[in-house]
Amino acid sequence: MSVRSLSIRPQFTAKSSPAGEIGASPGCAVLNFSNLQRGPSRSRNLSLRLCMGSGNGGFGQNPHGVGDKDGVIIVDHGSRRKESNLMLNEFVSMFRERTGYPIVEPAHMELAEPSIRDAFNSCVEQGANRVIVSPFFLLPGRHWNQDIPSLTAEAAKEHPGVSYIVTAPLGLHPLLVDVMNDRINHCLSRVAGDAEECAVCAGTNKCQLH
């Protein structure tokens, strides 16, 4: 399989590698990004590995990926708005069903429960000996750089021998382009009267022209 060349923003280009060049992962492709804005002599190369497959969507094909003894915590900021916090639970359910990972827990950095500590404890109670904390944040910032690692480190102190990692936020993932475009098209269809409110806007009547 190969992934066609694509462009995320004008200053980024991406070229794919055929599946045959990736070794034992026939359902995967590597996207190589060059930041052209820095100039030819200062370009920064980034690579991204995308996997396609059946069943769990190819998530289990990476030999270094999530295993049976891993716990995944998906953490957002947390809100005083109950509906926002419940939406994280819905996403975690979707994530668990799609990936097939056995231990996946939601957590809020602040303002709501469960906390990162609660989720970490829950993962260990379910048999996890490694915990992957994945920030449900779009871009890196203080929460990713300082707050979430600090809270995770405190939670881990209660479980000697259990390792953990805080992954990168969503960032410049090319599939987010599709998510953004899908959201835009749905909202425009809603304004035209051809679609119902999405789960994000349900009951708010915010999706309208002004």
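Reader: What makes R117 and E158 a salt bridge?

Author: This is a predicted model, and in it the closest N and O atoms of R117 and E158 are 2.6 Å apart. The cut-off is a Lys or Arg side-chain nitrogen within 4 Å of an Asp or Glu carboxyl oxygen, so the pair qualifies.

Reader: How do you know that the pair links distant parts of the chain?

Author: Look at where the partners sit. R117 belongs to helix α2 (residues 116-125), while E158 lies in the loop between α3 (142-156) and β7. They are 41 residues apart.

Reader: Why are R117 and E158 called partly exposed?

Author: Buried means under 20% relative accessible area and exposed means over 50%, with partly exposed in between. R117 comes out at 47% and E158 at 36%, so both land in the middle class.

Reader: And what makes K157 exposed?

Author: K157 has 59% relative accessibility. Exposed starts over 50%, so K157 gets that label. Its salt-bridge partner is E154, with the closest N and O atoms 2.9 Å apart. E154, at 44%, counts as partly exposed.

Reader: What about R81 and E83: why call that a salt bridge?

Author: The closest N and O atoms of R81 and E83 are 4.0 Å apart, and the cut-off is within 4 Å, so the pair is listed as a salt bridge. On accessibility, R81 has 38% and E83 has 46%. Both values fall between 20% and 50%, so each residue is partly exposed.

Reader: How many salt bridges turn up in the whole structure?

Author: The search finds 6. The pairs we've gone through, R117 with E158, K157 with E154 and R81 with E83, are among them.

Reader: On to the sheet. Why are β5 and β7 called edge strands?

Author: The strand order is β5-β4-β6-β7, in an open sheet of 4 strands with parallel pairing. Both β5 (104-108) and β7 (163-166) pair on one side only, and that's what earns them the name. From one strand to the next, the twist averages 20 degrees.

Reader: How do you know that β6 and β7 really pair?

Author: Pairing takes at least two bridges between the strands. β6 (residues 130-135) and β7 are joined by 4, so they pass, and they run parallel. One example to find in the structure is V131, whose bridge partner in β7 is Y164.

Reader: What makes β4 and β6 a pair as well?

Author: The two strands share 6 bridges in the parallel sense, and the bar is at least two, so they count as paired. Here G71 stands opposite V131 in β6.

Reader: Which way does the chain cross from β6 to β7, and through what?

Author: The chain goes through α3, and the β-α-β crossover is right-handed.

Reader: What does helix α1 touch, and what angle does it make with β5?

Author: Helix α1 (residues 82-99) packs on the sheet, touching β4 (70-76) and β5. Its direction makes about 160 degrees with that of β5.

Reader: Zooming out, what does the whole chain look like in secondary structure?

Author: There are 4 helices and 7 strands, following the pattern β-β-β-β-α-β-α-β-α-β-α along the sequence.

Reader: And what share of the chain counts as buried?

Author: Of the 210 residues, 31% do, meaning their relative accessible area is under 20%. The chain's accessible surface comes to about 13200 Å², with 53% of that belonging to carbon and sulfur atoms.

Definitions and conventions. Residues are numbered from 1 along each chain as its sequence is written. This is a predicted model: local features need pLDDT of at least 70, side-chain atom pairs count only at pLDDT 80 or more; totals for chains, interfaces and linings use all residues. Side-chain values use heavy atoms; hydrogens and water are left out. Axes are lines fitted to C-alpha atoms, for helices over the stretch in contact, and angles run from 0 to 180 degrees between N-to-C directions. Contact means heavy atoms within 4.5 Å. Buried means under 20% relative accessible area, exposed over 50%, partly exposed in between (1.4 Å probe, protein chains only). Accessible areas come from the Shrake-Rupley method with a 1.4 Å probe; for residues, only the protein chains shown count as cover. A crossover is right-handed if, with the strands pointing away from the viewer, the path from the first strand over the helix to the second runs clockwise.
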